[in-house]
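Please find below a short note on this structure, set out as numbered points for a reader who is new to it. The sequence and the structure are shown first.

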Amino acid sequence: MGKHILQSPLWAEFKNRHGTPAVSAGNVIYTIHNIPLTSYNYAYCPRVSPFDVNFEELKKSVEENNCIAVHFDVPNIIKGSPEEPPAAKLFEEHCVHSPRDEFAKANFFIDLTKSEEELFSALHKKHRYNINYAKKNGVTVRESTEDKDFDIFYSLYKETGVRQKFYFRGQSYLRDMWDVFNKAGLAKLLIAEHEGEALAAWILLSYEGVLYYPYGGSTERKKNLFASTVLGWEALLLGKKLGCGTFDMWGASVDLNNTSDEYYGFSIFKSKFGAKHVVYIDSYDMVINENLYKFFNLANSFRWKLLKLIR
């Protein structure tokens, strides 16, 4: 697997623009996060391959930035792959198993090197039916890079977050991401409409031959027209048009049979696109200050329990 988009210079540019310091060191990019009420920080380093990491150089950099640990969140190594044993060995030489994952621990991939016919026949029969039904009933999908369409996307994304009670990003965060990748020519919006009304919208980012689907939203209005399903199909066609070999659907449930999992609904939706389900290896932490690291984990665990209670 190549470098993940979260390890790209553009992602670092976006983070810096949004006010989260991003540092390049030891062949990886990490962001610096202050630990409340202290002068200490922790380093967040998602989706890395340990084979890329210069651990000594990275350690020196995070020490200079007063970080108590580096959190290698959901490394970009798939369980059961030939890379798993040497990757785990390398992490265990320098790190401890992390008590938490922030990024989704599983994912779906679609091979875009297949022909359009092969991709369509790989869809679940219900998805195939719904796509044809949507098109027959006047649902159209348009591609855009216009800022005014970003506002349409965001209102649908926020509406979905409120409806489904999941944590959703603020408008300024996603706008900064959109601006950086759009300026680089690597961002697209797909908007599904019916009679001039936007029903669903996705942001898609392309990087080094992979099309990523990080954020999307839809309305409950006219849900019988299956706008999100036809949008997903058009995203695959867009990926092919852009010359991408892989469609990365960003996140999924680890157990696709666990109906109580917060990712369950959209995981089942994604799975019906003929996607391959993968699970990543555990997250690891490179500890710099052991005492503060233990205290931080204790406080963080309490914080998450509290947030779940409030929700």
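How many nonpolar, polar and charged residues does the lining of the second largest pocket have?

1. The note concerns a predicted model. In answer to the question, the lining of the second largest pocket comprises eleven nonpolar residues, five polar residues and six charged residues. In total, 22 residues line this pocket, and the space within the pocket is about 290 Å³.

2. The residues nearest the centre of the second largest pocket are Met1, Phe109, Val210, Thr246 and Asp248.

3. Several elements contribute to this lining. At least two residues each come from strand E6 (106-111), helix H4 (116-122), strand E10 (210-218), strand E11 (246-248) and strand E12 (276-279). The greatest contribution to the lining of the second largest pocket is that of E6, which gives three residues.

4. Attention may then turn to a sheet. Six strands form an open sheet with mixed pairing, in the order E1-E2-E3-E4-E13-E5. Strand E1 (22-25) and strand E5 (96-97) occupy the edges and have a single partner strand each, so one side of each lacks a neighbour in the sheet.

5. Within this sheet, strand E2 (residues 28-34) and strand E3 (residues 41-44) run antiparallel and are joined by four bridges. Thr31 has Tyr44, in E3, as its bridge partner.

6. A helix also meets the sheet strands. Helix H3 (residues 84-94) lies across strand E4 (67-72), E5 and strand E13 (284-287). With respect to E13, helix H3 runs at about 30°.

Key
Residues numbered from 1 in each chain as written. Predicted model: local features only at pLDDT ≥ 70, side-chain atom pairs only at ≥ 80, totals over all residues. Heavy atoms only, no water. 1 Å grid on protein atoms, 1.4 Å probe; cavity = no way out; pocket = protein on both sides within 12 Å on 5 of 7 lines; lining within 4 Å. Points joined across faces, edges and corners; volume = space filled by probe spheres on them. Nonpolar A, V, L, I, M, F, W, Y, C, P; charged D, E, K, R; others polar. Pairing = 2+ DSSP bridges. Contact = heavy atoms within 4.5 Å. Axes fitted to C-alpha atoms, helices over the stretch in contact; angles between N-to-C directions.
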